[in-house]
Amino acid sequence: MLRNYQIEIKNKVQNTEFRKNVLQMPTGSGKTYTFIEIAKDHFAETTERVLILVHRTELLEQARKSLGEKCFLINAGVKNIPHDYDYYIGMVETTHKRIEKLPKFGLIIIDECHIGNFKKLPYFEDYSKEKILGVTATPISEKPLKFQYDNLILGPTVEHLINENHLLNCDVYGFASDLVSKENWKIKKGEFDEKQMEDFYSSEKMVKNVVNAYWEKSAGKKTLIFNVNLKHNECVRNAFALEGLEVRTISRETEKGERKEIITWFKNNKHAILCNVGVLTTGFDEPSVETIILNRATKSLALYLQMIGRGSRPFEGKEKFLILDLGKNTIRHGPYTNYFDWQAYFEHGAKLNDGKKSNGIAPVKECPECHFLQHTRKLVCQSCGHDFEEEAQKQKEEEKEQKLVLLISSKPISLPTERIFELAKERNWKEWAVIHKIAEHLTSYYNKHKATEGLKETIVSEMLKETANWCKVYDKKFNKWVQDVCLDILDKKINPVTHE
C-alpha cells in the first residue's frame, strides 16, 4: 500500500503534460516501490509495455519480484528477447547492447538517472514517442539534466518525512574536520584527488582517528564506514580487526556471491562494522544501521546525501541515527535535513556550487569540546552544553565570507484488473470505461499470442469471467444482454477492420 505522499507523487507523474520527466524523491522515501506502482498503473491504463533501467544488480531482482511473472529480465545471458511480456527490466549498458531486439514501449523508467549513462539510449530523440521517467534522490549532473528532460517533479523534503516518521533525524559529530580543513587537495573531474585523499586518510593519525571516533561515539552499534578506495578500505578494516571487533569489507571488486553473504552477515549481526568503498550508496536498504562514518571527503552533494541516507530509515528501537563526519562534509554541504534547491540543480547542474548560484547551505559549526555539529546561531552546544558566547562574534565574521531466464511461449492470462478498478475509483471513470479497459488488455494479449491454438475461445471465456466480476463490483445483473454487449466490445477491439 502506497503512503499518502507516494500517491500524491504518482498522481503528479501521471497528470503531467511533459513527455520526459525527472522524479526527485529523498533517499529512503521508497523511490523503487513508487516507480514500480507507476509502471503497473501505466500498463493497466494503456496496455503499453514498460521498460525499467537500473544501474545496480541488486535492484534487478528487487524490481522483478515486485512485477511478477510478466516481467522479463534483460541480462548478459539472454540472446533472444520475447515480445510478449508486459514489463522489461535490465541494466542500462546490457539493455543498450540489445536495443534492436527490444519491443516497443510506452514508458521508460530510468533509476538513478543523475548518473547519466542513459544518454546514448534512442528514447530521448525528438522523434521518439515513449514517455520517459528518470528517478533520483539528487537530480545533479555535470551536464544539467534539463538538457535531456523537460520537467522536474519534486517529492517531499527530508524534513517533512522526518516529521511524518518516515525517516529519522540524526546527530552529527565532526571528528578530524580541523585536520581536513588544512589539506589543499587537487580537484579532478569535480572531486578531490583520490591519491591525495588516500595518503591522508591512510596515515597512522587518521586511521587511529576513525578507530577512536568509533570507540567514543559508536561502540557496539551497527556501523557502516565509507572509505576512500580499496587500499584505504583494507587499512581501516585491519585497524578495527586489531581491536577485536567484528568487521568485514565490501567493494565493487567483491564477487557477487560473497557480496550477498557479507550483506546477510551485516544484516543479522547487531554489532557488525562494514568497511565499504564504491558500493552501498544506492540500492542498499538496511534500516538497522545505527552509525554512518564518513571516513573520506567529497565535493559531491549527491554522494554525500546517498551515503548519509543509508542510516536514515526507521527501525525498531532506533530513534535517531549517528553520523561521524571525518571529512568536513557537513560543513561543506550542509545538514542532510537542509532544504536543497533541486530545481536549480536540475537547471544548472553540478557547477551550482561554484559561486554562480546559491545552494541554500545552512552554516554549521563544530563544538571544540565534543565535535557536535550544529547551526551557527546556537550559543550553547546541543550535545555537551559548551558556551559559544566568545565565538559568536568570530562566527558572524566568518559568515560574511546473472542467471538465464526460462522463456515460456504460452502463459496463463493474468490481467491487472484489481489495478484497473483502483484507477477507475481514483479517476472517477464511468463503469463501462472499465469494461473497455479490460477488453483492451485482452486484445493486447490476443495480438501477442495469435498463433496459440484455441486462443479466441480462451479470450472469450476470460472476458465473460471478468464481466461477471465487473457486475459484482458495480452491482449489476450478469444477464445475457450484459454478456453480449461486453463480448461485442471485445470483438470490435480485436477485429476493428470488420466493424469499420
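**Exercise 1. Place lysine 328 and aspartate 475, and classify their exposure.**

Lysine 328 lies in the loop between strand 15 (321-325) and helix 12 (329-333). Helices (H or I, at least four residues) and strands (E, at least two) are DSSP runs, numbered from the N terminus. The model is predicted: local features need pLDDT of at least 70, side-chain atom pairs count only at pLDDT 80 or more, and totals for chains, interfaces and linings use all residues. Residues are numbered from 1 along each chain as its sequence is written, and side-chain values use heavy atoms, with hydrogens and water left out.

Step 1. Check the backbone. Lysine 328 is not a glycine, yet its phi is positive, about 60°.

Step 2. Check accessibility. Buried means under 20% relative accessible area, exposed over 50%, and partly exposed in between (1.4 Å probe, protein chains only). Lysine 328 has a relative accessible area of 25%, so it is partly exposed.

Step 3. Repeat for aspartate 475. This residue sits in the loop between helix 17 (455-473) and helix 18 (480-494). Its phi is also positive, about 55°, although aspartate 475 is not a glycine. Its relative accessibility is 71%, so aspartate 475 counts as exposed.

**Exercise 2. Describe the overall chain.**

Step 1. Count the elements. The protein chain has 18 helices and 17 strands.

Step 2. Take the extent. Along the principal axes, the C-alpha atoms fill a box of roughly 85 × 45 × 45 Å.

Step 3. Take the burial. Of the 500 residues, 52% count as buried.

**Exercise 3. Work out the surroundings of strand 1 (residues 20-24).**

Step 1. Test burial. Five of the five residues of strand 1 are buried, so the strand is largely enclosed by the rest of the structure.

Step 2. Sort the side chains. In a regular strand the side chains alternate between the two faces of the sheet. Here Lys20, Val22 and Gln24 point one way, and Asn21 and Leu23 the other way.

Step 3. Find the partners. Two strands pair if DSSP finds at least two bridges between them. Strand 1 runs parallel to strand 6 (residues 131-136), joined by five bridges. Asparagine 21 has leucine 133 as its bridge partner there. Strand 1 also runs parallel to strand 7 (residues 151-154), with four bridges. In that pair, leucine 23 is matched with isoleucine 153.

**Exercise 4. Compare two threonines and a glutamate by their contacts.**

Contact means heavy atoms within 4.5 Å. The lists below leave aside neighbours within four places in sequence.

Step 1. Threonine 138 lies in the loop between strand 6 and strand 7. Its relative accessible area is 1%, so threonine 138 is buried. It is in contact with His114, Ala302, Leu305, Gln306 and Trp342. Proline 26 is 112 residues away along the chain, but the two C-alpha atoms are separated by 7.6 Å.

Step 2. Glutamate 142 is found in the loop between strand 6 and strand 7. Its contacts are Ala350 and Lys351. Glutamate 142 and aspartate 41 are 101 residues apart along the chain, with C-alpha atoms separated by 33 Å.

Step 3. Threonine 417 lies in helix 15 (residues 417-427). At 13% relative accessible area, threonine 417 is buried. Its contacts are Ile438 and Glu466. From threonine 417 to lysine 465 is 48 residues in sequence and 11 Å in space, C-alpha to C-alpha.

**Exercise 5. Identify the nonpolar cores.**

Step 1. Apply the criterion. A nonpolar core is a set of buried Ala, Val, Leu, Ile, Met, Phe, Trp, Tyr and Cys residues joined through side-chain atoms within 4.5 Å.

Step 2. Find the hubs. The largest core has 86 residues, and Ile52, Ile109, Ile110, Tyr123, Tyr149 and Tyr336 touch the most other members. Helix 11 (residues 301-309) gives the largest share of this core, six residues.

Step 3. Look for a second core. Apart from the largest core lies another, of 35 residues, including Val207, Val211, Leu322 and Phe388.

**Exercise 6. Characterise the lining of the largest cavity.**

Step 1. Define it. On a 1 Å grid over the protein atoms alone, a cavity is a set of points where a 1.4 Å probe fits but cannot get out, and lining residues have an atom within 4 Å of a point.

Step 2. List residues. Among those lining the largest cavity are Phe43, Lys70, Asp84, His441 and Tyr445. Helix 16 (residues 431-448) supplies the largest share of the lining, four residues.

Conventions. 1 Å grid on protein atoms, 1.4 Å probe; cavity = no way out; pocket = protein on both sides within 12 Å on 5 of 7 lines; lining within 4 Å.
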